[in-house]
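Student: I am new to this structure and would like to go through it step by step. May we begin once the sequence and the model are in view?

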Amino acid sequence: MSRPTNTSDWQTELYRKHSSWIAGTPPHMAIGDGWAKIVSRLFDRIAETLAGDLPSTNVAIIDIKEKYGEFRIDLLAPVGPEAEAAIERAILLAELRSECSCDECGEAGRMRSTLGQSGWLAVKCDAHGAGYPRIVAKGPPRRRITDRHGVFDVAYDRATDSITQTLVAGLGETD
């Protein structure tokens, strides 16, 4: 993966833009510059969620990284259940988008692996896929999630940056 050696300009700008709700020192982001828009969208969605909250609401971002070829974020958000659900959904969108976005350039990509038993995983477009010859995932990113409404199969649509979910078990409505 393409990892910046120093804080990139987009990271500095992102933290400046959202300094009103970020608590503490911004952590180093161990992700490629290709995921800049994913992080930006995530931060914008968190800001929208917090817009109606008290000005004292601060989110502590613990870690932003790539793991097993996917975007990961750890944060502490002292918010109510509705805001927590909205933030969790924003994180899910970011994670799913990372599974189909090249970590170097942000264009459409696929999960790939280096060859061998302990192969590294990364999401790469065809142009940046050198060294990652084995395609691991095909089709849109999918997950099975459980929430207070039941168990859902979730599929991500890159074109609309949205998810569709289908109820598998339990009670509740689908989006």
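Student: How many aromatic pairs does the structure hold?

Tutor: This is a predicted model. Rings count as a pair if their centres lie within 6.5 Å. Tyr15 and Phe43 form one such pair, at 5.7 Å centre to centre, and the ring centres of Trp21 and Phe43 are 5.4 Å apart. The number of aromatic pairs in the structure is two.

Student: What is the geometry of the pair formed by Tyr15 and Phe43?

Tutor: Tyr15 belongs to helix α1 (residues 9–17) and Phe43 to helix α2, 28 residues apart, and the pair thus links distant parts of the chain. The planes of Tyr15 and Phe43 stand at 75°. Planes over 60 degrees apart count as edge-to-face, and the geometry of this pair is accordingly edge-to-face.

Student: Which parts of the structure does the pair of Trp21 and Phe43 tie together?

Tutor: The planes of these two rings, Trp21 and Phe43, are at 70°, so this pair is edge-to-face. The two residues are 22 residues apart in sequence. The parts tied together are the loop between α1 and β1 (22–23), where Trp21 lies, and helix α2.

Student: Is Phe43 buried or exposed?

Tutor: The residue belongs to one aromatic cluster formed by Tyr15, Trp21 and Phe43. Buried means under 20% relative accessible area. Trp21, at 4%, is buried, and Tyr15 is buried as well. Phe43 has a relative accessibility of 0%, so Phe43 is buried.

Student: How are α2 and α3 oriented relative to each other?

Tutor: The axes of helix α2 (residues 36–50) and helix α3 (residues 81–98) come within 9 Å and cross at roughly 170°. An angle over 145 degrees puts two axes in one class of orientation. Helices α2 and α3 are therefore roughly antiparallel.

Student: How do the residues of the contact of α2 with α3 divide into nonpolar, polar and charged?

Tutor: On α2 the contact includes Ile38, Leu42 and Arg45. On α3, Ala86, Ile91 and Arg97 are among the residues taking part. The division is 10 nonpolar, two polar and three charged.

Student: Which strands stand at the edges of the open sheet?

Tutor: Three strands form this sheet in the order β6-β5-β7, with antiparallel pairing. Four bridges join β5 (residues 110–113) to β6, and Arg110 stands opposite Lys124 in β6. Each edge strand has a single partner, so one side of each is left without a neighbour in the sheet; these strands are β6 (121–124) and β7 (134–135).

Notes:
Residues are numbered from 1 along each chain as its sequence is written. This is a predicted model: local features need pLDDT of at least 70, side-chain atom pairs count only at pLDDT 80 or more; totals for chains, interfaces and linings use all residues. Side-chain values use heavy atoms; hydrogens and water are left out. Axes are lines fitted to C-alpha atoms, for helices over the stretch in contact, and angles run from 0 to 180 degrees between N-to-C directions. Angles under 35 degrees count as roughly parallel, over 145 as roughly antiparallel, 65 to 115 as roughly perpendicular and the rest as oblique. Contact means heavy atoms within 4.5 Å. Ala, Val, Leu, Ile, Met, Phe, Trp, Tyr, Cys and Pro count as nonpolar, Asp, Glu, Lys and Arg as charged, and the others, Gly among them, as polar. Rings of Phe, Tyr and Trp (its six-membered ring) pair if their centres lie within 6.5 Å; planes under 30 degrees apart count as stacked, over 60 as edge-to-face and the rest as tilted. Buried means under 20% relative accessible area, exposed over 50%, partly exposed in between (1.4 Å probe, protein chains only). Two strands pair if DSSP finds at least two bridges between them.
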